[in-house]
Amino acid sequence: RDSERRADVAAAEIRGHVAQGAALAESLRRFMVGVADGGVTNEQFEGIASSWLSPAGLAGAAWIEQVPASRRATYERRIGRPIVTRDRRGTVAPVPPRSSYLPATLVSGIAPMVLAGLDLGSESGMTAAVARERTLFDVSATPLATLRDGTRGFFLVKSAQRLGRGAVEPGFVVLFVPESWLRAAATDTPRLQLTVGGTSSGDLEGVPAVRSGFTEAGQRFEVVVPRRSVHGAAAVMPWIVL
């Protein structure tokens, strides 16, 4: 029962962090739709990320757009940059031709959102999250994954329009949640296995364990902690009773 309690506490602490991230994503959405005079600039986006997100430990954010292949050249001319991708070594290269892209038009300048034009369409679960109906009204989470630059975590995604140039520009705010940030929430449980959307990290190597889970941002989270052995007075008591 003590192990079950530790699992429940760790899950509650991690759930609180996910909810905090979802609230920050919603704040970014409101900011995007609240600036009507020419639309939010990248400088303004960086400033908001620095003042709102950094104190919470979440500073990797972007505003992305859906760009079909037929509009790629037009988009690249508009932002003055090509749509690119980056590998584990940090090498930046143009994205090969695809049917559609999800490039970051505005970036916070904090990893992994450091480069305007960076395509997030190839990140695990991103295309599905953008297409999910709930993303239009609420925050959606992608599964836990390792990004191309080696960083591990998941994204929170929320539909967010930008008002600029006399038109409404559809897009999505994206907030990166590092796995380490979630684990840090479980202050009394340094060793645990975390599963987000069916993808796990932190193998407990077959030791007896207990689990606790919750659903947040449209994704299933599971927290597994080692089962502690009975010791001290608790170990002696059954023999005294016997």
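Is Val241 buried or exposed? In the predicted model described here, Val241 counts as exposed, because its relative accessibility is 66% and the threshold for this class is over 50%. Val241 belongs to helix H6, which spans residues 233-241. Together with Met237 and Ile240, Val241 makes up a nonpolar surface patch. The accessible area of these three residues together is about 330 Å².

The strands S13 to S16 were examined next. An open sheet of four strands is arranged in the order S14-S13-S16-S15, and the pairing is antiparallel. Strand S14 (199-201) and strand S15 (209-216) form the edges, each of them pairing on one side only. From one strand to the next, the twist averages 15°. Strand S13 (residues 193-196) and strand S16 (residues 219-226) run antiparallel and are joined by four bridges. In this pairing, Gln193 is placed opposite Val224 of S16. Helix H1 lies across S13, S15 and S16, and the angle between H1 and S15 is about 25°.

The loop between S15 and S16 contains Ala217. Although Ala217 is not a glycine, its phi is positive, at about 55°. Ala217 is classed as buried because its relative accessibility of 9% falls under the 20% limit. A further backbone feature is the cis peptide bond between Ala111 and Pro112, for which omega is about 5°. Pro112 is located in the loop that connects strand S6 (104-107) with helix H4 (126-131).

Salt bridges number 14 in the model. One of them pairs Arg220 with Glu222, with an N to O distance of 3.0 Å. The partners fall into separate accessibility classes: Arg220 is partly exposed, with a relative accessible area of 39%, whereas Glu222 is buried, with a value of 18%. Elsewhere, salt bridges with shared partners connect Glu26, Arg29, Arg30 and Lys158 into one network.

Within this network, Arg29 and Glu26 form a salt bridge in which the closest N and O atoms are 2.8 Å apart. Both residues lie in helix H1 (residues 2-34), and their spacing of three residues corresponds to about one turn of the helix. Arg29 has a relative accessible area of 22% and is therefore partly exposed, as this value lies between the limits of 20% and 50%. Glu26, at 18% relative accessibility, counts as buried because it falls under 20%.

A salt bridge within a helix is also found in H5 (residues 179-183), where Glu179 and Arg183 are four residues apart and thus separated by about one helical turn. The closest N and O atoms of Glu179 and Arg183 are 3.2 Å apart. Glu179 counts as buried, with a relative accessibility of 11%, while Arg183 counts as partly exposed, at 21%.

Terms used. Residues numbered from 1 in each chain as written. Predicted model: local features only at pLDDT ≥ 70, side-chain atom pairs only at ≥ 80, totals over all residues. Heavy atoms only, no water. Salt bridge = Lys/Arg side-chain N within 4 Å of Asp/Glu carboxyl O. Helix = DSSP H or I, 4+ residues; strand = E, 2+ residues; numbered from the N terminus. Buried < 20%, exposed > 50% of the residue type's maximum accessible area, 1.4 Å probe, protein only. Patch = residues over 30% accessible without salt bridge, like charges linked within 9 Å, V, L, I, M, F, W, Y side chains within 5 Å. Areas by Shrake-Rupley, 256 points an atom, 1.4 Å probe, with all protein chains shown as cover. Pairing = 2+ DSSP bridges. Axes fitted to C-alpha atoms, helices over the stretch in contact; angles between N-to-C directions. Contact = heavy atoms within 4.5 Å.
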